[in-house]
Amino acid sequence: MEKKRAIVTGGSRGIGKALVERLLKEGWEVCTCSRKEEDLTKLEEELRRPRGLYRKVCNLGERESAKSFVMFCLERMGGIELLVNNAAILGERLPIEEYPEEVWEEVIRVNLNGVFYVTKYCLPHMGEGSFIVNLSSGAGKRPAPYWGAYAASKFGVEGFSLLLAEELKERGIRVYALNPGATRTQMRAKAYPSEDPKTLKTPDKVAEFLLKLIKSKAPSGSYDFRD
Ligand SMILES: NC(=O)c1ccc[n+]([C@@H]2O[C@H](COP(=O)([O-])OP(=O)(O)OC[C@H]3O[C@@H](n4cnc5c(N)ncnc54)[C@H](OP(=O)(O)O)[C@@H]3O)[C@@H](O)[C@H]2O)c1
């Protein structure tokens, strides 16, 4: 791969942030987003305004917002060799019959529609040898009662990744669904408030694993984090 240009959605904290940091260190240009300007400013400051980092506020659950984010990235970088669909929201943990419709709709909009929008808008600009990584979850691989829309969206992400991999085989674009497993982030703390975060691996471990997958040119498919 000659050029190294990545889009990482949801880079303001957690796994996305670790990935942004790691990619920059390894010489990639990176374009990222979140819904909050102040968090993106904080990210930039923490990383000491590195060269090659671009960021934009957007809401990936809204089609036009997702489109303008991708267009922004393309204007800055000119192309993409790596797309990481990382941004997601948890929603509620409730039985289906009690699950609020508006929360369901928002989770599906962000976690599933958002992945579709960003991927669709990036694809015309991705060539042979590039990669798409979609952050999935154990809740998208085995039934996880009371995980509601989150679980349904992640089953969707798994399926989307596998069908996309088939469609892109001929073009030489690899597609991974990656289940990061329990990781020390805000989302995990919200899902398991009584858990001690110190017992969990840090997000940079996931970033490291993801980079390893790419460097080894692993075949397209569904992967679980391994130490
Ligand atoms: N942590 C775990 O244990 C774990 C386990 C399994 C799977 N995962 C998956 O790994 C990925 C990263 O999770 P994480 O734990 O790092 O989550 P996190 O700490 O909650 O970070 C999520 C990131 O996505 C952004 N985001 C959320 N909704 C967005 C939207 N509508 N538009 C744009 N950006 C948005 C957030 O910023 P704003 O809120 O400011 O928008 C934030 O930067 C997710 O796909 C998650 O489902 C995580």
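# Briefing on the predicted model

Apart from its neighbours within four places in sequence, A151 is in contact with A139 and G140. This description concerns a predicted model. The points below start from A151 and proceed to helix 4, helix 3, the cysteines and the aromatic rings.

**A151 and its surroundings**

- A151 lies in helix 5, which covers residues 148–168.
- The relative accessible area of A151 is 8%, so this residue counts as buried.
- A151 and L90 are 61 residues apart along the chain, and their C-alpha atoms are separated by 9.1 Å.

**Helix 4**

- Helix 4 comprises 22 residues, from 101 to 122. At 1.5 Å a residue the expected span is 32 Å, and the end C-alpha atoms are 30 Å apart, which agrees.
- A kink of about 40° is present in helix 4, with its centre on N113.
- The buried residues of helix 4 are V103, V107, I108, V110, N111, G114, V115, Y117, V118, T119, Y121 and C122.
- These buried residues are covered by elements that include strand 1 (5–9), helix 3 (63–77), strand 4 (82–85), strand 5 (131–135) and helix 5 (148–168).

**Helix 3**

- The 15 residues of helix 3 should span 21 Å at 1.5 Å a residue, and the end C-alpha atoms are indeed 21 Å apart.
- Buried positions in helix 3 are S65, A66, F69, V70, F72, C73, L74 and M77.
- The buried residues of helix 3 pack against helix 4 as well as strand 1, strand 2 and strand 3 (53–57).
- After helix 3 comes G78, which has a positive phi, near 85°.

**Cysteines**

- The model contains one disulfide. The disulfide joins C31 to C73, with an S to S distance of 2.3 Å.
- This pair links distant parts of the chain, since C31 belongs to strand 2 (residues 29–34) and C73 to helix 3, 42 residues apart.
- The torsion about the S-S bond of C31 and C73 is about -75°, and the disulfide is therefore left-handed.
- C31 and C73 are both buried.
- C58 takes part in no disulfide; the nearest cysteine sulfur belongs to C33 and is 3.6 Å away. With a relative accessible area of 4%, C58 is buried.
- For C122, the closest cysteine sulfur is that of C73, at 7.1 Å, which is too far for a bond. C122 has a relative accessible area of 0% and is therefore buried.

**Aromatic rings and charges**

- Eight aromatic pairs are found in the structure. One of them is the tilted pair of W147 and Y150, with 5.6 Å centre to centre and 50° between the planes.
- Both W147 and Y150 are buried.
- F116, Y117 and Y121 are linked into a cluster by ring pairs. Of the residues in this cluster, Y117 and Y121 are among the buried residues of helix 4.
- The charged end of R93 sits over the ring of Y192, at 5.2 Å from the ring centre.
- The charged end of K201 sits over the ring of F225, at 4.5 Å from the ring centre.

Definitions and conventions. Residues are numbered from 1 along each chain as its sequence is written. This is a predicted model: local features need pLDDT of at least 70, side-chain atom pairs count only at pLDDT 80 or more; totals for chains, interfaces and linings use all residues. Side-chain values use heavy atoms; hydrogens and water are left out. Rings of Phe, Tyr and Trp (its six-membered ring) pair if their centres lie within 6.5 Å; planes under 30 degrees apart count as stacked, over 60 as edge-to-face and the rest as tilted. Buried means under 20% relative accessible area, exposed over 50%, partly exposed in between (1.4 Å probe, protein chains only). A charge sits over a ring if NZ of Lys or CZ of Arg is within 6 Å of the ring centre and within 35 degrees of the ring normal. Helices (H or I, at least four residues) and strands (E, at least two) are DSSP runs, numbered from the N terminus. The expected span of a helix is 1.5 Å times one less than its number of residues. The bend at a residue is the angle between axes fitted to the seven residues ending there and the seven starting there. Contact means heavy atoms within 4.5 Å. A disulfide is a pair of cysteine sulfur atoms within 2.5 Å.
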